[in-house]
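Let's look at a few labels one might attach to a protein model and ask what earns each of them. Have the structure open as you read.

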Amino acid sequence: MSGETPAIALDSRPALPHGVRLTQSEAHGGWVLLAPERVFKADPIAVEIIRRCTGAATLAEIVDDLARAYAAPRERVLADTTALLAGLADKKLLELSL
Amino acid sequence: MNGVAPSNPLGLLAELTHRCPLGCPYCSNPLALDARADELDTATWARVFREAAALGVLQTHLSGGEPAARPDLTAITAAAHDAGLYTNLITSAVGMTGNRLAALVEAGLDHIQVSIQDSVEASADRIAGYEGAFARKRELAAAAVRLALPLTVNAVIHRANIDRVGEMVDLALALGAKRVEIAHVQYYGWALTNRAALMPTRSQVERAATQVEALRAAHHGRIVIDAVAPDYYSPYPKPCMGGWGQRSLNVTPAGRVLPCHAAETIPGLQFWSVRTHTLAEIWHESPAFNAFRGTAWMKEPCVSCPRRARDFGGCRCQAFALAGDAAAADPVCHLSPDHTRVAALAAAREETYHYRHVALGA
């Protein structure tokens, strides 16, 4: 079940659901994702991706924006972003509304 | 190595009251319950939350007893939220209405955890010692969904319901939960008193573990299934609390600060109170928090064990409860000289529950 990475539609609009939020914590050395009874450390790349998940932008737009901002190959950004978001969605930390 | 206080606790368990309308025989509250007259007031809780946030705490779990027994629960929730904490309500649902829950959401509540005793109503109410509890849980879960408040269902597992793990996950899904805890009873407090009436058999535990794996695969992406393992039948102890005094603080209704909810069962430990010390002083300097940090307190077989940095010798409270020595290896470990006793204790059987009861007005 967990071996395959499910694809995320390019026109879906990822968003953090109620009860999940990204916040900064000096004591914990940076950004953390707070979720029901769980806390995840977010590395700088994850932070840049998650901040763009507002429910307004589509996955395609988020990837375009990141590729532009970091002058990175779009395919690579798409793969990294999809992997991160799919992992979050599996843990019910992300909503993928169309 | 002597233990140094880590700079960053993650969680604060705020036991707002020990009062509870339910009588669950596995309750983790101590046998000697704090009285209503001794409970911290709203302003003191607000200060505790501010001190916790300053200490690096990220989440607070508003618990009890039944937190709904506090008439000032909305003000307490608002204070935790205003301090910048992620707020989690841990409730039995009894005493909590949809309207009150809406006010809590307005005050900044982030998440709710509702316990269920069983998937079968009559059995659930019998275990809770409260007729009608099951129906109230359904109502509150529905209210949480209406309010778009994320819901976790906490299913406490023991001999009377362990064969219905699948049904309890189905119930959690039907209630609209995104997360369910299959939480095997841990034998402390009232659960230790009721151990012989609660303990499943080894084959039941193994069957339940297999079922949980299958359920995770079947419900992948629909609901997160977290399991709290039963430890009497496992070869190694659990890494209790992620290590003594490493990740969280537990404030009792009367304000004593504990490394875990059962710590007061260990004789000789000195607990400081939020009435006389700041949370930072307690975290860094209180004798109880420093008692089992690091590894200097360990004895054999833990001292030379390669797993000592992974499971920290197991649970100190369980070591005291089962071996009579809080610095001994947790006897559930197969390397413990007291391990043979665990199998005998797990095999003891009794059919009657000793319900915990404390009057709401007490």
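Q: What share of the residues in chain B is buried, and what makes a residue count as buried?
A: In this predicted model, buried residues make up 58% of the 362 residues in chain B. A residue counts as buried if its relative accessible area is under 20%.

Q: How do you know whether the radius of gyration of chain B agrees with that of a compact globule?
A: For 362 residues the globule rule gives a value near 21 Å; chain B has 20 Å, so the two agree. The C-alpha trace spans about 55 × 50 × 40 Å along its principal axes.

Q: Why are Trp244(B) and Phe292(B) called an aromatic pair, and of which kind?
A: Their ring centres are 5.0 Å apart, and the limit is 6.5 Å, so they pair. The planes meet at 85°; over 60 degrees counts as edge-to-face, so that is the label here.

Q: What parts of the chain does this pair link?
A: Trp244(B) is in the loop between β7 (224-228) and β8 (248-251), while Phe292(B) is in the loop between α11 (287-290) and α12 (308-311), 48 residues apart. Both residues are buried, and ring pairs join them with Trp297(B) in a cluster.

Q: What makes Arg307(B) a charge over the ring of Tyr236(B)?
A: The charged end of Arg307(B) sits over that ring, 3.6 Å from its centre. The distance limit is 6 Å, with a further condition of 35 degrees from the ring normal, so the label applies. Arg293(B) likewise lies over the face of Trp283(B), at 4.8 Å from the ring centre.

Definitions and conventions:
Residues are numbered from 1 along each chain as its sequence is written. Chains are lettered from A and ligands numbered from 1 in the order in which they are written. This is a predicted model: local features need pLDDT of at least 70, side-chain atom pairs count only at pLDDT 80 or more; totals for chains, interfaces and linings use all residues. Side-chain values use heavy atoms; hydrogens and water are left out. Rings of Phe, Tyr and Trp (its six-membered ring) pair if their centres lie within 6.5 Å; planes under 30 degrees apart count as stacked, over 60 as edge-to-face and the rest as tilted. Helices (H or I, at least four residues) and strands (E, at least two) are DSSP runs, numbered from the N terminus. Buried means under 20% relative accessible area, exposed over 50%, partly exposed in between (1.4 Å probe, protein chains only). The radius of gyration is taken over C-alpha atoms; the globule rule is 2.2 Å times the number of residues to the power 0.38.
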